[in-house]
Amino acid sequence: MERIPQDLAEMVRAAARSAPGYPGDLADVHRRAGRRRNRQAAVSAAAVLVVLAGGGAGVAAWRAPAAPPELPAATAEPAPTVDPVATPPAQALILDDAAGRYHVPGGAEVEIGRDRQAGELRPDGVLVGHPVVGAPNWTKVVPLPDGGIVAFSSYDTKSAVDRSDRPDAAGLEYRLVVTGPDGRARIQRDIRRRNEQVTLLTADATTAYLWRPAGLFAHDLATGTERTVVKEPMINLGKVFGGLRHSDLSAGRLAMASTDDECLPLVIDVATGRPVSRIPLGKSDCFAVNRIRLSPDGTMLAVAYQYKSTGRTLPAAVALIRLSDGAVMARRDRIGMVDGVSLAVSLAWQDDHTLRGAEYPVAAGGVSEVNGFILTAR
Amino acid sequence: MIGADPMASEQDGFEAFYRANADRIYRALAVTLRRDELAADAVAEAMARAYARWPTVSRLDNPAGWVFRVALNWATSWWRKVRRERPPADDSAHPHLWPPEITVARDALAKLPEPQRAVITCRVLLDLSTADTAAALRISEGTVKSRLARGLAALRHELNSED
């Protein structure tokens with residue numbers, strides 16, 4: 001182990017001692033845990049009501065997975081190269097959270113990260129960077145079919161002025177930027193509403209879908225007008241910011257994993273607001289969900305999750321789950337970990353049955369490797 | 001004979017863990033984030049998650065490292081929604097009556113990039129090994145070593161320039 005000089009270690013300890021003592025107490029932890037349990041109970045009760053009313057039109061039954069998620073290894077395979085022109089992917093595989101220098105084995109090095117460019121692993125196995133302009137500190141990028149991108153960022157217009165760090169801080173912009181195929185910003189709009197958080201869920205050529213405290217909104221890219229897609233009470237998570245851990249939108253269906261019980265993802269029909277399916281990943285010993293992605297036709301949910309084991313680490317897996325009956329259609333185990341270090345995992349559907357994934361380190365030193373994989377539903 | 005209540009035993013186990021670790025994780029996070037209130041909220045949130053999953057978390061190699069990472073992720077994921085391109089609030093705007101050596105230490109740490117501060121606090125304040133720090137922060141051991149080396153060199157430079 002590297003030795004840390006005693007005087008420097010003491011300097012760090014002195015700085016830590018200068019912080020006021022921890023102001024929290026165990027009762028606060030119990031209160032927070034109790035609130036989480038209550039919200040989970042409310043969600044479960046709502047799900048039971050849905051099951052009881054399952055004969056109603058448009059409401060699919062809530063069923064446990066038909067079998068343990070064990071599938072032949074043949075369903076999980078390394079990513080083959082695919083002609084991107086012949087088979088354009090339904091969804092772009094953006095390397096979320098990637099930061100640093102990356103390459104695919106045998107490929108060119110690409111620098112990815114905030115304020116530079118977003119990384120995409122194409123179906124042909126090539127890693128490409130999408131320059132992000134006009135959106136410093138971007139947190140989400142969605143490629144468009146024409147080669148442009150939609151980016152979301154928070155941007156401080158008064159960076160030299162000391163203010164309290166809150167969503168209602170003066171001079172803060174939440175920017176939505178649409179870049180054309182030529183790399184130039186076509187639309188640059190401040191979508192901030194004072195005292196509100198906002199984030200980009202996804203986008204297409206005409207519409208950006210935004211989470212706001214009041215729910216999910218469709219933002220017309222051309223005009224900036226917005227309409228409500230799903231009201232916050234419909235999602236039944238307590239609140240959007242703080243209550244929602246993961247979400248995805250496809251084919252008129254919205255998939256969500258809550259902060260309180262991420263191992264019980266819920267899919268609802270955005271037209272009716274009614275539940276389509278609830279996936280009890282707890283039966284697969286789920287401990288935490290890292291990513292969810294709805295198939296283009298909205299009939300399957302890809303979930304990257306960590307599960308409990310008898311070991312002292314949390315192994316990870318990706319499963320493709322059919323929403324109509326909860327059946328696990330494919331599963332890949334032992335992802336997201338190499339030499340004891342966790343890797344980030346991103347997912348995107350090639351078509352309605354084929355999922356592409358990528359795993360990679362985040363903010364590692366040197367040049368990091370991006371490895372792709374494919375999962376095909378039986 | 002009355003057998004031990006496993007629920008009570010788990011509760012006791014978590015309580016012992018909380019009492020032994022909450023303050024040091026909080027201080028490590030406060031040094032890393034340089035925002036005491038955000039650090040306190042993040043530790044409470046991470047501890048609540050650890051409590052809810054204690055049978056599993058308690059079996060991990062380093063439950064304190066797990067709580068630190070969850071708290072850091074929680075704080076930074078919230079923070080990145082409102083993050084701005086400026087350094088955190090300058091301590092000079094909120095003067096404290098610290099001894100000079102404390103002021104020097106805080107100033108020197110404040111000048112480090114947050115990833116270097118996170119590695120240093122894991123190693124020094126949480127007593128994590130290189131491997132445990134790598135696992136806690138989800139980075140490679142090589143990155144831990146390089147960030148530690150760069151951070152310590154910068155601290156040494158600051159310390160010497162104060163002499």
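In this predicted model, four strands of chain A assemble into an open sheet with the order S14-S15-S16-S17, and their pairing is antiparallel. Strand S14 (244-250) and strand S17 (275-278) of chain A form the edges, each pairing on one side only. Direction ignored, neighbouring strands of this sheet are turned by 20° against each other on average. In general, the strands of a sheet pair through backbone hydrogen bonds, in either a parallel or an antiparallel manner.

A closer view of one pair within this sheet is helpful here. Strand S15 (residues 253-258) and strand S16 (residues 266-269) of chain A run antiparallel and are joined by four bridges. Across this pair, A:Met256 stands opposite A:Leu266, a residue of S16(A).

Turning to chain B, the secondary structure consists of eight helices and zero strands. Read from the N terminus, its elements accordingly follow the pattern α-α-α-α-α-α-α-α. Chain B has 163 residues, of which 52% count as buried. The chain exposes about 7,400 Å², with carbon and sulfur atoms supplying 54% of that area. Among the contacts in chain B with a separation of 6 or more, 66% are accounted for by residues 24 or more positions apart.

Two residues of chain B illustrate how its helices meet their surroundings. The first to consider is B:Arg27, which lies in helix H1 (residues 6-33) of chain B. This arginine has a relative accessibility of 17%, and B:Arg27 therefore counts as buried, the cut-off being under 20%. The side chain of B:Arg27 also reaches across to chain A, where the backbone oxygen of A:Arg17 lies at 3.3 Å. Residues up to four places away in sequence not being counted, B:Arg27 touches A:Ala16, A:Arg17, A:Ser18, A:Ala19, A:Pro20 and A:Gly21 in chain A, together with B:Leu125 in chain B.

The other residue to consider is B:Leu159, located in helix H8 (residues 141-162) of chain B. With neighbours within four places in sequence left aside, B:Leu159 is in contact with A:Asp7, A:Leu8 and A:Met11 of chain A and with B:Val104 of chain B. The C-alpha atoms of B:Leu159 and B:Val104 are 7.5 Å apart in space, while the two residues are 55 residues apart in sequence. Thus both the H1 residue B:Arg27 and the H8 residue B:Leu159 have contacts in chain A as well as in chain B.

Key: Residues numbered from 1 in each chain as written. Chains lettered and ligands numbered in written order. Predicted model: local features only at pLDDT ≥ 70, side-chain atom pairs only at ≥ 80, totals over all residues. Heavy atoms only, no water. Helix = DSSP H or I, 4+ residues; strand = E, 2+ residues; numbered from the N terminus. Buried < 20%, exposed > 50% of the residue type's maximum accessible area, 1.4 Å probe, protein only. Polar contact = N/O pair within 3.5 Å; in protein donor to acceptor, adjacent residues only side chain to side chain. Contact = heavy atoms within 4.5 Å. Areas by Shrake-Rupley, 256 points an atom, 1.4 Å probe, with all protein chains shown as cover. Pairing = 2+ DSSP bridges. Axes fitted to C-alpha atoms, helices over the stretch in contact; angles between N-to-C directions.
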